[in-house]
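This report describes selected side-chain environments and helix packing in one protein chain. The sequence and the structure are shown first, and the account follows.

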Amino acid sequence: MFSKESRCVMFKIGDKIAYPMQGAGVIVDISEEKAGEELHKYYHVELSHSDLKVMVPVENSEIVGVRRIIESADIGKVLEVLEAESEPMPTNWNRRDRANKEKLQTGDIHVAAGVVRDLVRRDRIKRLSTGERKLLGVAKQILESELVLAGGYTMAEADELVESHI
(Lines give C-alpha, C1' and ligand atoms only; values in the text may rest on other atoms or scores of the structure.)
Protein backbone atom coordinates (compact mmCIF):
# COMPACT_ATOMS: atom_id res chain seq x y z
CA MET A 1 0.00 0.00 0.00
CA PHE A 2 1.36 3.46 -0.75
CA SER A 3 0.36 6.79 0.65
CA LYS A 4 -1.72 9.37 -1.15
CA GLU A 5 1.40 11.57 -1.42
CA SER A 6 3.38 8.93 -3.32
CA ARG A 7 0.55 8.67 -5.87
CA CYS A 8 0.81 12.37 -6.63
CA VAL A 9 2.81 12.44 -9.84
CA MET A 10 3.88 15.98 -10.72
CA PHE A 11 5.48 15.11 -14.04
CA LYS A 12 4.61 12.85 -16.94
CA ILE A 13 6.55 10.82 -19.48
CA GLY A 14 8.27 13.17 -21.92
CA ASP A 15 8.64 16.04 -19.45
CA LYS A 16 12.05 17.68 -19.34
CA ILE A 17 13.30 18.12 -15.79
CA ALA A 18 16.35 19.30 -13.91
CA TYR A 19 17.69 17.03 -11.17
CA PRO A 20 20.13 18.78 -8.80
CA MET A 21 23.72 17.51 -8.91
CA GLN A 22 22.84 15.28 -11.89
CA GLY A 23 21.72 17.67 -14.61
CA ALA A 24 18.75 17.83 -16.94
CA GLY A 25 16.95 14.96 -18.56
CA VAL A 26 13.72 13.59 -19.92
CA ILE A 27 11.31 11.37 -18.04
CA VAL A 28 11.13 8.21 -20.12
CA ASP A 29 9.02 6.10 -17.76
CA ILE A 30 7.16 6.16 -14.46
CA SER A 31 7.03 2.86 -12.63
CA GLU A 32 5.89 1.34 -9.38
CA GLU A 33 8.48 -0.67 -7.52
CA LYS A 34 7.95 -2.70 -4.39
CA ALA A 35 10.23 -1.91 -1.46
CA GLY A 36 9.42 -4.26 1.39
CA GLU A 37 5.66 -4.16 1.81
CA GLU A 38 5.19 -0.77 0.17
CA LEU A 39 4.84 0.30 -3.43
CA HIS A 40 6.70 3.43 -4.51
CA LYS A 41 6.51 5.34 -7.78
CA TYR A 42 9.71 6.32 -9.59
CA TYR A 43 10.53 8.63 -12.45
CA HIS A 44 12.99 7.06 -14.87
CA VAL A 45 15.07 9.96 -16.16
CA GLU A 46 17.38 9.78 -19.16
CA LEU A 47 20.03 12.45 -18.68
CA SER A 48 20.77 14.62 -21.71
CA HIS A 49 24.55 14.69 -21.22
CA SER A 50 25.20 10.94 -21.00
CA ASP A 51 23.74 7.49 -21.44
CA LEU A 52 22.99 7.46 -17.73
CA LYS A 53 19.44 6.82 -16.54
CA VAL A 54 18.43 7.56 -12.97
CA MET A 55 15.38 6.61 -10.95
CA VAL A 56 13.95 9.37 -8.79
CA PRO A 57 11.35 8.51 -6.14
CA VAL A 58 8.24 10.52 -6.98
CA GLU A 59 7.47 11.15 -3.31
CA ASN A 60 10.92 12.71 -2.76
CA SER A 61 11.25 14.56 -6.05
CA GLU A 62 10.09 17.92 -4.70
CA ILE A 63 12.25 17.57 -1.58
CA VAL A 64 15.43 16.93 -3.60
CA GLY A 65 14.63 19.85 -5.91
CA VAL A 66 13.47 18.21 -9.13
CA ARG A 67 11.86 20.90 -11.30
CA ARG A 68 10.88 21.62 -14.87
CA ILE A 69 13.71 22.97 -16.99
CA ILE A 70 13.74 26.61 -18.00
CA GLU A 71 12.00 27.81 -21.14
CA SER A 72 14.12 28.75 -24.15
CA ALA A 73 13.08 32.38 -23.57
CA ASP A 74 14.87 32.26 -20.18
CA ILE A 75 18.28 31.31 -21.62
CA GLY A 76 19.14 35.01 -21.93
CA LYS A 77 18.83 35.43 -18.16
CA VAL A 78 21.28 32.57 -17.65
CA LEU A 79 23.72 34.20 -20.05
CA GLU A 80 23.38 37.48 -18.11
CA VAL A 81 24.48 35.64 -14.96
CA LEU A 82 27.52 34.32 -16.81
CA GLU A 83 28.42 37.84 -17.93
CA ALA A 84 27.84 39.45 -14.52
CA GLU A 85 30.53 40.36 -12.00
CA SER A 86 31.96 37.47 -10.02
CA GLU A 87 30.84 37.03 -6.44
CA PRO A 88 33.47 37.11 -3.68
CA MET A 89 34.59 33.61 -2.73
CA PRO A 90 36.36 32.33 0.38
CA THR A 91 40.12 32.22 -0.03
CA ASN A 92 40.28 28.81 1.65
CA TRP A 93 39.64 26.18 -1.08
CA ASN A 94 37.84 23.89 1.38
CA ARG A 95 35.29 26.57 2.26
CA ARG A 96 34.98 27.55 -1.39
CA ASP A 97 34.36 23.94 -2.36
CA ARG A 98 31.71 23.46 0.35
CA ALA A 99 29.96 26.73 -0.55
CA ASN A 100 29.90 25.88 -4.26
CA LYS A 101 28.53 22.38 -3.60
CA GLU A 102 25.78 23.85 -1.44
CA LYS A 103 24.92 26.27 -4.24
CA LEU A 104 24.71 23.47 -6.80
CA GLN A 105 22.46 21.41 -4.54
CA THR A 106 19.81 24.15 -4.73
CA GLY A 107 19.05 23.03 -8.28
CA ASP A 108 18.69 26.64 -9.44
CA ILE A 109 20.21 27.06 -12.91
CA HIS A 110 21.07 30.71 -12.24
CA VAL A 111 23.01 29.71 -9.13
CA ALA A 112 24.77 26.95 -11.13
CA ALA A 113 25.66 29.54 -13.79
CA GLY A 114 27.20 31.71 -11.07
CA VAL A 115 29.30 28.80 -9.80
CA VAL A 116 30.52 28.06 -13.33
CA ARG A 117 31.30 31.73 -13.98
CA ASP A 118 33.24 32.17 -10.74
CA LEU A 119 35.23 28.93 -11.04
CA VAL A 120 36.12 29.56 -14.69
CA ARG A 121 37.31 33.08 -13.90
CA ARG A 122 39.27 31.86 -10.88
CA ASP A 123 40.89 29.17 -13.05
CA ARG A 124 41.95 31.81 -15.56
CA ILE A 125 43.73 33.76 -12.81
CA LYS A 126 45.04 30.91 -10.68
CA ARG A 127 44.79 27.27 -11.69
CA LEU A 128 42.07 25.40 -9.79
CA SER A 129 42.87 22.49 -7.52
CA THR A 130 41.96 19.01 -8.74
CA GLY A 131 38.85 18.97 -6.54
CA GLU A 132 37.67 22.35 -7.76
CA ARG A 133 38.37 21.39 -11.35
CA LYS A 134 36.17 18.32 -10.87
CA LEU A 135 33.43 20.46 -9.30
CA LEU A 136 33.66 22.87 -12.25
CA GLY A 137 33.09 19.91 -14.57
CA VAL A 138 30.00 18.88 -12.60
CA ALA A 139 28.68 22.45 -12.52
CA LYS A 140 29.18 22.88 -16.28
CA GLN A 141 27.48 19.55 -16.93
CA ILE A 142 24.47 20.61 -14.83
CA LEU A 143 24.26 23.99 -16.57
CA GLU A 144 24.94 22.83 -20.10
CA SER A 145 22.63 19.81 -19.95
CA GLU A 146 19.73 22.14 -19.19
CA LEU A 147 20.74 24.48 -22.00
CA VAL A 148 20.77 21.48 -24.35
CA LEU A 149 17.16 20.61 -23.54
CA ALA A 150 15.89 24.19 -23.25
CA GLY A 151 17.59 25.56 -26.35
CA GLY A 152 18.02 22.53 -28.59
CA TYR A 153 21.81 22.78 -28.53
CA THR A 154 24.33 19.98 -28.66
CA MET A 155 26.58 19.65 -25.61
CA ALA A 156 29.44 21.16 -27.65
CA GLU A 157 27.29 24.14 -28.67
CA ALA A 158 26.11 24.64 -25.09
CA ASP A 159 29.72 24.56 -23.88
CA GLU A 160 30.74 27.12 -26.50
CA LEU A 161 27.77 29.32 -25.52
CA VAL A 162 28.72 29.19 -21.85
CA GLU A 163 32.43 29.85 -22.47
CA SER A 164 31.70 32.77 -24.81
CA HIS A 165 29.62 34.56 -22.17
CA ILE A 166 32.06 34.32 -19.25
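Setting aside residues up to four places away in sequence, R96 touches M89, P90, T91, R122 and E132. The model in which these contacts are found is a predicted one. R96 belongs to helix α4, which spans residues 93-105, and it counts as buried at 4% relative accessibility. One polar atom of the R96 side chain lies 2.9 Å from the backbone oxygen of T91.

**Packing of the helices**

E132, one of the residues touched by R96, also takes part in the contact between α5 and α6. Helix α5 covers residues 109-125 and helix α6 residues 130-151; their axes are 9 Å apart and the packing angle is about 140 degrees. An angle over 145 degrees would count as roughly antiparallel; α5 and α6 are therefore oblique to each other. The crossing in which α5 passes α6 is left-handed. On the α5 side the contact is made by I109, A112, A113, V115, V116, L119, V120 and D123. On the α6 side it is made by E132, R133, L135, L136, A139, K140, I142, L143 and E146.

Helix α6 also packs against helix α7, residues 155-164, with an angle of about 115 degrees and the axes 9 Å apart. The range from 65 to 115 degrees counts as roughly perpendicular, and α6 and α7 are therefore described in that way. Their crossing is right-handed. From α6, the residues in contact are K140, L143, E144, S145, L147 and V148; from α7, they are M155, A158, D159, L161, V162 and E163. K140 and L143 of α6 appear in this contact and are also listed in the contact with α5.

**Strand β3 and the aromatic pair**

How many aromatic pairs does a search of the whole structure find? The search finds one. The ring centres of F11 and Y43 are 5.6 Å apart and the ring planes stand at 65 degrees, so the pair is edge-to-face. The two residues come from distant parts of the chain, 32 residues apart: F11 lies in the loop between α1 (4-7) and β1 (16-19), and Y43 in strand β3 (residues 38-47).

H40 is also placed in strand β3. Its side chain makes a polar contact of 2.9 Å with the side chain of E59. When neighbours within four places in sequence are left aside, H40 is in contact with S31, E32, E33, A35 and E59.

E38 is a further residue of strand β3. Between the C-alpha atoms of E38 and V148 the distance is 37 Å, and the two residues are 110 residues apart in sequence. V148 is among the α6 residues that make the contact with α7.

**Accessibility of the residues discussed**

The table gives the computed relative accessible area for residues named above.

| Residue | Relative accessible area | Class |
|---|---|---|
| F11 | 6% | buried |
| E38 | 41% | partly exposed |
| H40 | 14% | buried |
| Y43 | 0% | buried |
| R96 | 4% | buried |

Both partners of the aromatic pair are buried, F11 at 6% and Y43 at 0%. In strand β3, H40 is buried at 14%, whereas E38 is partly exposed at 41%.

Methods. Residues are numbered from 1 along each chain as its sequence is written. This is a predicted model: local features need pLDDT of at least 70, side-chain atom pairs count only at pLDDT 80 or more; totals for chains, interfaces and linings use all residues. Side-chain values use heavy atoms; hydrogens and water are left out. Rings of Phe, Tyr and Trp (its six-membered ring) pair if their centres lie within 6.5 Å; planes under 30 degrees apart count as stacked, over 60 as edge-to-face and the rest as tilted. Helices (H or I, at least four residues) and strands (E, at least two) are DSSP runs, numbered from the N terminus. Buried means under 20% relative accessible area, exposed over 50%, partly exposed in between (1.4 Å probe, protein chains only). A polar contact is a pair of N or O atoms within 3.5 Å; within protein, one must be able to donate a hydrogen and the other to accept it, and residues adjacent in sequence count only if both atoms are side-chain atoms. Contact means heavy atoms within 4.5 Å. Axes are lines fitted to C-alpha atoms, for helices over the stretch in contact, and angles run from 0 to 180 degrees between N-to-C directions. Angles under 35 degrees count as roughly parallel, over 145 as roughly antiparallel, 65 to 115 as roughly perpendicular and the rest as oblique. A crossing is left-handed if the near helix is turned anticlockwise from the far one by less than a right angle, and right-handed if clockwise.
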